[in-house]
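Please open your viewer and take a short tour with me. We will go from selection to selection and look at what is there.

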Amino acid sequence: EERSDSGAFELFEPALRANLKQRREMELDLKAALDAEEFELYYQPFVDMADKRVSGFEALLRWRHPEKGMISPSVFIPLAEEAGLIERLGVWCLETACAEAATWPESMTISVNLSPMQFKSATLLSDIDRALNNSGLAAERLQIEVTESLFLDESDRVLDILKEMRRRGLTVSMDDFGTGYSSLGYLSRFSFNKIKIDQSFVRDMGRAENIAIVRSVIGLSKSLNMQVIAEGIETEDQMRALLAEGCREMQGYFFSTPQPKEELPRVIADITNR
Ligand code: C2E
Ligand code: CA
Ligand code: CA
Ligand code: CA
């Protein structure tokens with residue numbers, strides 16, 4: 001998108017306008033989509049390598065647009081945030097994910113991603129309570145995934161909400177660990193239950209630098225008494241390298257891509273019989 005040559009402005013500006021127009025259109029579509037129930041959750045398993053079983057699933061949002069087809073959450077979540085729709089969308093995710101997880105074996109958890117903007121909502125905690133009550137899901141089976149960007153505005157409010165989540169028995173997980181801009185200070189001010197090693201470090205475990213990072217994140221999680229999970233495992237070599245570093249819980253296309261709920265019994269059977 002960035003262009004440094006001096007003639008770039010004329011080229012760039014119409015494109016930007018089109019982009020804005022497209023974005024505004026999509027924001028309108030988003031509002032309609034919430035009413036038309038065009039959203040769907042897909043589920044990707046967490047695998048506990050110690051006993052080769054599915055320990056839980058992460059809920060990943062999908063938008064089946066009537067004309068444009070499947071739209072990626074990396075595209076529409078920022079739009080939903082801008083359009084002030086993330087709160088409604090987030091509540092829908094919590095309700096739907098908890099209701100689905102309540103039908104699974106009790107040993108399995110459900111992980112829900114929360115956007116930092118949802119922490120600005122006055123009702124986040126009561127929304128979670130309602131999702132748990134409506135579904136009958138035990139709080140211990142709900143995991144919340146947040147990213148480091150949540151800590152950009154150093155607010156006590158965020159820490160208080162996270163503490164309340166933990167007090168209820170939820171697992172609070174730090175997603176994409178190591179990719180954010182914030183310092184490690186928040187780790188000492190708030191103890192997470194779990195760290196998720198970002199897929200960028202897993203992708204090329206052949207590189208000495210990446211092994212060193214993975215090793216130190218696992219060491220950090222152990223000394224801070226946190227669980228650790230690695231995401232983005234695509235190959236057997238990556239799985240073996242992580243296992244050798246002492247990482248037990250894993251997630252990635254190697255085990256399963258995200259799947260609609262109807263497919264989960266098959267996903268569980270495939271992983272167990274592997
Ligand atoms: P994330 O939370 O880091 O999720 C991991 C992303 O990596 C997912 O993309 C997943 O499909 C993909 N992935 C999983 N295994 C592999 C693998 O082995 N290789 C590769 N290359 N990719 C893998 P997805 O589903 O497109 O989601 C993108 C991002 O959108 C998520 O990143 C998350 O930040 C956001 N997102 C998804 N669902 C929700 C939601 O319900 N609420 C919020 N606030 N954000 C969501
Ligand atoms: Ca996540
Ligand atoms: Ca992630
Ligand atoms: Ca990510």
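The tour below walks through a predicted model, beginning with a metal site.

**Stop 1: the calcium ions.** Select Asp176, which sits in strand 6 (residues 171-177). Show its side chain together with ligand 4, a calcium ion whose protein donors are both OD atoms of Asp176, 2.6 to 3.0 Å from the ion. Now add ligand 3: Asp176 bridges these two calcium ions, and they lie 3.8 Å apart.

**Stop 2: helix 8.** Next, select residues 208-223, which form helix 8. This helix has 16 residues and spans 22 Å from its first C-alpha to its last, close to the 22 Å expected. Which residues of helix 8 are buried? Colour Asn210, Val214, Val217, Ile218 and Ser221 to see them. Look down the helix axis: the buried residues fall within an arc of 95°, so they line one face. In general, residues three or four places apart in an α-helix point the same way, because there are 3.6 residues a turn. The buried residues pack against several elements, including strand 6, the strand that holds Asp176. Turn to the other side of helix 8 to find Ala208, Lys222 and Ser223 exposed.

**Stop 3: two positive phi values.** Step just past helix 8 to Asn225, where phi is positive, about 65°. Asn225 is in the loop leading to strand 8 (227-230) and is exposed, at 71% relative accessible area. Finally, jump to Glu37, in the loop between helix 1 (8-36) and strand 1 (39-48). Glu37 has a positive phi near 55° and is exposed, with 68% relative accessibility. Most residues other than glycine have a negative phi.

Note on methods:
Residues numbered from 1 in each chain as written. Chains lettered and ligands numbered in written order. Predicted model: local features only at pLDDT ≥ 70, side-chain atom pairs only at ≥ 80, totals over all residues. Heavy atoms only, no water. Donors = N, O, S within 2.8 Å, 3.2 Å for Na, K, Ca; no water. Helix = DSSP H or I, 4+ residues; strand = E, 2+ residues; numbered from the N terminus. Buried < 20%, exposed > 50% of the residue type's maximum accessible area, 1.4 Å probe, protein only. Expected span 1.5 Å × (residues − 1). Arc of directions from axis to C-beta. Contact = heavy atoms within 4.5 Å.
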